[in-house]
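Colleague: I have this chain open on my screen and would love a close look at one part of it. Could you take me through its nonpolar packing and then set that part in the context of the rest?

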Amino acid sequence: MRPIHSYRKTLPLKERIHVVIEGTDTRAGKFFDVILLLGIVLSVAVVMLDSVLIFRLQYGRLFLYAEWFFTVLFTIEYILRLYSAPDRRRYAFSFFGVVDLLALLPTYLSLFFVGTQYLLVVRILRILRIFRIFKLRSYMQQAGFLAAAFKTSQHKIIVFFISLLLLVTIFGSVLYVVEGPENGFTSIPLSIYWAVVTLTTVGYGDISPKTPIGQAIASMVMITGYAIIAVPTGIFTAELTRTMRPQLHPISCPKCGKFGHASNAKFCDRCGHDLHI
C-alpha cells in the first residue's frame, strides 16, 4: 500500500497548498498554524505598542517595518488561501475570509489616509482560528448552538428593538414638550437621547428633568426600563433551549459548515457531504 506522504506528493500544487493551509493533521499543517498564530499575536502587539507615544518615538521606524512585514506575509497567505480554496467565492465571503481581508486593508489604506493603520487590531479576530487549529470541537459546537439560537430569534429581537425605538421616541418627545429648552431639553433628538440613557438605566446625569411632571415621567421610564431589560435575554434563552434539544446532532458539516443535523444523519442535508469523516 502506498504511504500517505508519497500520495500527497502526487497531488496537484493547488491541493497540496490547501492541505497545508487548512489541514491540521500533517506536520506541515501544524507548523503553518503555529507560525500563523504567532504572527497574528506579534502583529497585534506591534500595533498596540505603536499607539503608545513613548514607544512610537523610540521605535517608530521599527514598528513601521514590522507592520509592513506582517502585512505582506498575511497578503501572501490570503492569496494562497483564495487560490487553493475549493470554492473561492464561499471562502471570500465567509467569516474568516472577510476577517482575513480586513486584516490587510488598514496598512494599504494608511498610504492614503493617516491613522488607519491602527485599525489593524482587527487581526486579533484571526486568533479565533485557534479553535480549529487545536481541535477544540466542543467549543465550536457550543458556538454553533449560540449562532443557531440567535438566527432563529433574530426576528423577535428585531421587533422588540423597533418597539423600543418607538417607545424612546414617544418618551423623548413628551419630555421635550413638558420640560422645554429652558430645562436643557433643547431638541427632540436630545430628549430621545435622554430617554435612551434613562430607559437603559445608564443614567449619565448630563441632562435631567426639573419639573414635577417631568420627574414623574422619568420615574415611569426608569420602571419601564427595569421591566423590559430582560426581554431580549428571555427570547434568546428560549431559542437556545429549543436549539439544544437532543433531536439535532451537534455536528457541523466539514464542507459547507451547516450546524445541526438529524441524530441518524450520515450526510449533510444541505450539500450531501459525509458527516463522519
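Modeller: Happy to; I will start with the whole chain, move into the packing, and finish with the charged pairs. Please keep in mind that this is a predicted model.

The chain has twelve helices and two strands, and the order from the N terminus puts the helices ahead of the two strands. Of its 277 residues, 32% count as buried. Among contacts with a separation of 6 or more, 54% join residues 24 or more positions apart. The accessible surface comes to about 17,600 Å², and carbon and sulfur atoms hold 71% of that.

Now to the part you asked about. The largest nonpolar core has 14 residues, and W194, L199 and V221 have the most contacts inside it. Helix 9 (137-179), helix 10 (188-199) and helix 11 (212-228) are the elements that each give two or more residues to this core. Helix 9 gives the most, with five residues. W194 is a good place to put your cursor: beyond its neighbours within four places in sequence, W194 is in contact with L175, F185, I207, S208, P209, A218 and V221. There is also a second, separate core of ten residues, which includes F70, Y78, Y91 and L104. As background, nonpolar side chains in soluble globular proteins tend to be buried together.

For the charged side chains, a search of the whole structure finds two salt bridges. In one of them, the side chains of R81 and E77 meet with N to O at 2.5 Å. These two residues lie four apart in helix 4 (residues 53-84), so about one helical turn separates them. R81 counts as buried because its relative accessibility is 2%, and E77 counts as buried too, at 6%. The other bridge links R90 to D87, with the closest N and O atoms 3.8 Å apart. Here the setting is partly exposed, with R90 at 47% relative accessibility and D87 at 38%.

One last stop is helix 3 (residues 27-50). Its 24 residues should span 34 Å at 1.5 Å a residue, and the end C-alpha atoms are 35 Å apart, which agrees. The buried residues of helix 3 include charged and small ones as well as nonpolar ones, among them D33, D50, G29, G39, L36 and V44.

How values were computed:
Residues are numbered from 1 along each chain as its sequence is written. This is a predicted model: local features need pLDDT of at least 70, side-chain atom pairs count only at pLDDT 80 or more; totals for chains, interfaces and linings use all residues. Side-chain values use heavy atoms; hydrogens and water are left out. Buried means under 20% relative accessible area, exposed over 50%, partly exposed in between (1.4 Å probe, protein chains only). Contact means heavy atoms within 4.5 Å. Accessible areas come from the Shrake-Rupley method with a 1.4 Å probe; for residues, only the protein chains shown count as cover. A salt bridge is a side-chain nitrogen of Lys or Arg within 4 Å of a carboxyl oxygen of Asp or Glu. The expected span of a helix is 1.5 Å times one less than its number of residues. A nonpolar core is a set of buried Ala, Val, Leu, Ile, Met, Phe, Trp, Tyr and Cys residues joined through side-chain atoms within 4.5 Å.
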